[in-house]
Amino acid sequence: MYDVVIIGGGPAGASAAIFTAKAGKKTLVLDSDQSVTRRAWIENHYGAPDITGPDLVEAGKKQAAKHGAEFVTAKAAKVTSQNGTVKVETEDGNAYEGTHAILATGMFADLAEASGIQTKPGTEPRIKTIVDCAPDGKTNLANVWAAGTIAGVSMHTIITAGDGAKVAINVISELNGERYVDHDVLKS
Ligand SMILES: Cc1cc2nc3c(=O)[nH]c(=O)nc-3n(C[C@H](O)[C@H](O)C(O)COP(=O)(O)OP(=O)(O)OC[C@H]3O[C@@H](n4cnc5c(N)ncnc54)[C@H](O)[C@@H]3O)c2cc1C
């Protein structure tokens, strides 16, 4: 049983996984490897001048794995939530359980729709459907959250990665029962 199951390994999902894994939460990332970011050349990501989308996506996954996040290449087909446990079933017939789940599926709303997670029309350019979530990321399904493009934020890597981090801190704070901060100090 995981503390957090994250669906989507793009900037939003992997950024969330960096925070949850670094906070000592047992973290699984399920990813179908269809990130649109892989087609990007990025010159506007604060602190990472001139980077290819594939390099940014790989760097994010490596950073999360360094802190203990597990990655499985699979397509999630359905999310259910019952009695404090979230179950994620994948197209290859497997199922994974966690206390919380974060949807970071980018432009893909099919998982949310197949799972009875409320959606609404997107407001950002080229985004058809998004999850109808609260500002903290909570969806209508207990312990299921949304982050990044699928949560309706502006479709830019610094913003989707930031939103993944924001939602991860909300999930960690809920697990810990108090607000969480992750600050490391430069050793002198
Ligand atoms: C051509 C192009 C150029 C761009 N240039 C820039 C730029 O210069 N600067 C900038 O800031 N942004 C740019 N972007 C936007 C950037 O790529 C996105 O904003 C972004 O970062 C999206 O992050 P995300 O994590 O929300 O989604 P994504 O990166 O799309 O990640 C979503 C992940 O979820 C996975 N997934 C979806 N459904 C499932 C499922 N059911 N089960 C398992 N996994 C699933 C997908 O495989 C994917 O890996 C560009 C985008 C494109 C397409």
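Helix α1 spans residues 11-22, and its 12 residues cover 16 Å from the first C-alpha to the last, close to the 16 Å expected at 1.5 Å a residue. Please keep in mind that this is a predicted model. Most of α1 is covered, with 10 of its 12 residues buried. The notes below start with this helix, then turn to a residue in strand β2 and to the ligand.

**Helix α1 and its surroundings**

- The buried residues of α1 are P11, A12, G13, A14, S15, A16, A17, I18, T20 and A21.
- These buried residues pack against three strands and two helices, namely β1 (2-7), β2 (27-31), β8 (95-103), α2 (53-66) and α4 (157-176).
- After α1 comes G24, a residue with a positive phi, near 80°.

**P11, a residue of α1**

- P11 sits in helix α1, and it counts as buried because its relative accessibility is 14%, below the 20% cut-off.
- Beyond its neighbours within four places in sequence, P11 is in contact with T37, T157, T160 and A161.
- If you would like a distance to check in the viewer, P11 and G116 are 25 Å apart in space, C-alpha to C-alpha, and 105 residues apart in sequence.

**T27, a residue of β2**

- T27 belongs to strand β2, and with a relative accessible area of 1% it is buried.
- The side chain of T27 has a polar atom 2.8 Å from the backbone oxygen of K25.
- The T27 side chain also reaches the backbone nitrogen of A21, at 3.5 Å; A21 is one of the buried residues of α1.
- Not counting residues up to four places away in sequence, T27 touches Y2, V4, I6, A17, T20, A21, G68, A69 and E70.
- Among these partners, A17, T20 and A21 are buried residues of α1.

**The ligand**

- The ligand is surrounded by 32 residues, and the closest are D31, S32, Q34, S35 and T37.
- T37 is also a contact of P11.
- D31 places a polar side-chain atom 2.7 Å from an oxygen atom of the ligand.
- For W41, a polar backbone atom is the partner, 3.1 Å from an oxygen atom of the ligand.
- N44 has a polar side-chain atom 2.8 Å from a nitrogen atom of the ligand.
- The ligand taken alone exposes 1000 Å², and the protein buries 89% of that.

Terms used
Residues numbered from 1 in each chain as written. Predicted model: local features only at pLDDT ≥ 70, side-chain atom pairs only at ≥ 80, totals over all residues. Heavy atoms only, no water. Helix = DSSP H or I, 4+ residues; strand = E, 2+ residues; numbered from the N terminus. Expected span 1.5 Å × (residues − 1). Buried < 20%, exposed > 50% of the residue type's maximum accessible area, 1.4 Å probe, protein only. Contact = heavy atoms within 4.5 Å. Near = heavy atom within 4 Å. Polar contact = N/O pair within 3.5 Å; in protein donor to acceptor, adjacent residues only side chain to side chain. Areas by Shrake-Rupley, 256 points an atom, 1.4 Å probe, with all protein chains shown as cover.
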